[in-house]
Amino acid sequence: MLSAVFRKHRATGPPATRHTGIAAPAPDGPPVLDAEGPPDAAAWVAGRRDLLRELLAEHGALTVRGLGLSTPADVESVLHQVAEHPVAEREAFAARHRHADGVYSSSAWPPNQPMCMHHELSYALQCPGLMMFACLEPPVEGGATAVADSAAVLQALPAELVDRFAREGWLLTRAYNDGIGATPSQSFGSDDRGAVEAYCRAHAIDWSWQPDGSLRTRQHRNAVVRHPVSGLRCWFNQIAFLNEWTMEPDVREFLVDEYGPDGLPFNTRYGNGDPVPPDVVEQINTTYEAHAVRRSWQRGDLLLVDNIRTAHSREAYRGPRNVVVAMGDPVRPHPPGPPAGRAVA
């Protein structure tokens, strides 16, 4: 039910063109490689690891076609060839099934509702630097995992909007209510109060237990960060995705009536605690949409994403869809520093 809160965006963009063994020219987005159906996907990836990492650093994302990935075990094997370390998900906002270390099902999300652009775990102190999406079964229609360059999005957003969020950061508030979103156990790895509090204390999260025993949390994070390798300033957050104004109006009204304005499963604010108005949320989502690149999934595809440089989303779809998600290379995003050419007071 929770994912019914997100506004639909129409899918656009051309399908990917296949290129044998080399990167596609990228006027329509990140490059595409053709693996031509190797007998051992992990071995193919291992032999081209440096190339894949180089292209990922340059473009922020790339697609590999023809790998023949068909099981979560295949994805796990490829993750170990590409990433230095798998990342265990913590602070999840929706349920997943864990297949192996760092390898998960897609988030539980109604197929008729899209997931807006976001960076995985951008509200956590430590997040995956590398995301992998592997298509084991494509949907009948829709369901693309779109990407958007976060450095380009930052440049395209209004300067006054960026300046305020860069200066103040952003707040994420969460209310863990029965039957909606991830449970405390799914988010923190335990339903023991002491363990949850210890996690929150170690990860700069304020918490409070409500009279009914439910948990509410609040955390302050940077909205603009500096890429740990390239130094690029990137728009890196989930301000719009997890905001109340991205919800469908009838869903928001139901949740407010049911839990109160402070009991929404998640919401975002300016760093000083002020509400983020609807027009700001719309501006962010519109800017993401203008920079989104969508390619239809083909069976066995692998999409590699630099989680700091590139945001991702999921469009609505029809029919079965099995896209496995893998996370690797944990990083702590750097504070942004001043924009180029701006004097430090």
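**Strand β6, the nonpolar cores and serine 214**

In β18, alanine 134 has valine 324 as its bridge partner. This is a predicted model, and the pairing belongs to a longer run: nine bridges join β6 (residues 127–137) to strand β18 (residues 322–331), with the two running antiparallel. Alanine 134 also has a residue facing it in β15, namely leucine 302. Here too the sense is antiparallel, with five bridges pairing β6 and strand β15 (residues 302–306). As for surroundings, ten of the eleven residues of β6 are buried, so the strand is largely enclosed by the rest of the structure.

Next come the nonpolar cores. The largest one counts 42 residues, and the members that touch the most others are Phe93, Phe165, Trp235, Ile284 and Tyr288. Helix α9 (residues 278–290) supplies the largest share of this core, four residues. Looking at isoleucine 284 up close, its contacts beyond four places away in sequence are Leu157, Leu161, Trp235, Ile239 and Ala240. Another core, of 27 residues, lies apart from the largest one, and Leu33, Leu62, Val82 and Leu304 are among its members.

Then there is serine 214, which sits in the loop between β10 (205–209) and β11 (215–221). Is this loop residue buried or exposed? With a relative accessible area of 16%, serine 214 falls under the 20% cut-off and therefore counts as buried. Its side chain makes a polar contact, at 2.7 Å, with the side chain of aspartate 212. Leaving aside residues up to four places away in sequence, serine 214 touches Tyr176, Ser208 and Trp209.

Definitions and conventions: Residues are numbered from 1 along each chain as its sequence is written. This is a predicted model: local features need pLDDT of at least 70, side-chain atom pairs count only at pLDDT 80 or more; totals for chains, interfaces and linings use all residues. Side-chain values use heavy atoms; hydrogens and water are left out. Buried means under 20% relative accessible area, exposed over 50%, partly exposed in between (1.4 Å probe, protein chains only). A polar contact is a pair of N or O atoms within 3.5 Å; within protein, one must be able to donate a hydrogen and the other to accept it, and residues adjacent in sequence count only if both atoms are side-chain atoms. Contact means heavy atoms within 4.5 Å. A nonpolar core is a set of buried Ala, Val, Leu, Ile, Met, Phe, Trp, Tyr and Cys residues joined through side-chain atoms within 4.5 Å. Two strands pair if DSSP finds at least two bridges between them.
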